[in-house]
Amino acid sequence: MVFGRRTETLADQLKKKDEALFEKRWGWNYIQHHFKDGDRVYSPLYDMEFTIEDIEPGDHWLFCETYDDMISFCAFEVQKV
């Protein structure tokens, strides 16, 4: 019996597909079309509202300033107010 060498495993292919889908749904493309600096968002995790600040091209995170720190969120972790 002869075994061929696989160049990519099914798991690797699925991982790349999942990453591409995640990027399309929640990455920079999603952020640039749905959020802008100054937008108010609600975070169920913190049960607080925040103001988005400093969005830059290519960002995969939303940044919000608190009283003493800067918090980052994925786009799916917050809801627009």
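In which helix is His33 found? His33 belongs to helix α2, which covers residues 28–34. Good morning, colleagues. Before going further, I should state that this is a predicted model.

Let me stay with His33 for a moment. The residue is exposed, with a relative accessible area of 61%. His33 and Tyr46 are separated by 13 residues in sequence, and their C-alpha atoms lie 24 Å apart in space.

Tyr46 brings us to the surface. Together with Leu45, Met48 and Tyr67, Tyr46 makes a nonpolar surface patch of about 550 Å². One of these residues, Met48, sits in strand β2 and counts as partly exposed at 37% relative accessibility.

There is also a negative surface patch, formed by Asp37, Asp54, Glu56, Glu65, Asp68 and Asp69. Among them, Asp54 is placed in the loop between β2 and β3, the latter strand being residues 62–65. With a relative accessible area of 46%, Asp54 is partly exposed.

Asp54 deserves a second remark, this time on its backbone. Its phi is near 60°, a positive value in a residue other than glycine. Asp47 may be mentioned alongside, since its phi is near 55°, also positive in a residue other than glycine. Asp47 is located in the loop between β1, residues 40–43, and β2, residues 48–53. Asp47 is exposed, and its relative accessible area is 55%.

I turn now to the salt bridges. How many salt bridges does the count come to? The count comes to 3.

Two of the bridges involve Asp39. In one, the side chains of Lys36 and Asp39 meet with an N to O distance of 3.2 Å. Lys36 counts as exposed at 53% relative accessibility, whereas Asp39 is buried, with a relative accessible area of 8%. Asp39 also forms a salt bridge with Lys80, where the closest N and O atoms are 3.5 Å apart. Asp39 lies in the loop between α2 and β1, while Lys80 is in strand β5, residues 79–80, so this pair ties together parts that are 41 residues apart in sequence. Lys80 itself counts as partly exposed, at 48% relative accessibility. Lys36, Asp39 and Lys80 are thus linked in a network of salt bridges.

A further bridge joins Glu49 and Arg40, with the closest N and O atoms 3.3 Å apart. Glu49 is partly exposed, having a relative accessible area of 40%, and Arg40 likewise counts as partly exposed, at 36% relative accessibility.

Finally, I come to the cysteines. How many disulfides does the structure hold? The structure holds 0 disulfides. Why is Cys64 not bonded to Cys74? The closest cysteine sulfur to that of Cys64 is in Cys74, and the distance of 12 Å is too far for a bond, because a disulfide requires the two sulfur atoms to be within 2.5 Å. Cys74, for its part, is in no disulfide, its nearest cysteine sulfur being that of Cys64. As for their surroundings, Cys64 counts as buried at 0% relative accessibility, and Cys74 counts as buried at 13%.

To close, I would recall two points. The buried residue Asp39 belongs to a salt-bridge network with Lys36 and Lys80. The surface carries a nonpolar patch that includes Met48, and a negative patch that includes Asp54. Thank you for your attention.

Conventions:
Residues numbered from 1 in each chain as written. Predicted model: local features only at pLDDT ≥ 70, side-chain atom pairs only at ≥ 80, totals over all residues. Heavy atoms only, no water. Buried < 20%, exposed > 50% of the residue type's maximum accessible area, 1.4 Å probe, protein only. Helix = DSSP H or I, 4+ residues; strand = E, 2+ residues; numbered from the N terminus. Patch = residues over 30% accessible without salt bridge, like charges linked within 9 Å, V, L, I, M, F, W, Y side chains within 5 Å. Areas by Shrake-Rupley, 256 points an atom, 1.4 Å probe, with all protein chains shown as cover. Salt bridge = Lys/Arg side-chain N within 4 Å of Asp/Glu carboxyl O. Lys, Arg positive; Asp, Glu negative; His and termini not counted. Charge placed at Lys NZ, Arg CZ, Asp CG, Glu CD.
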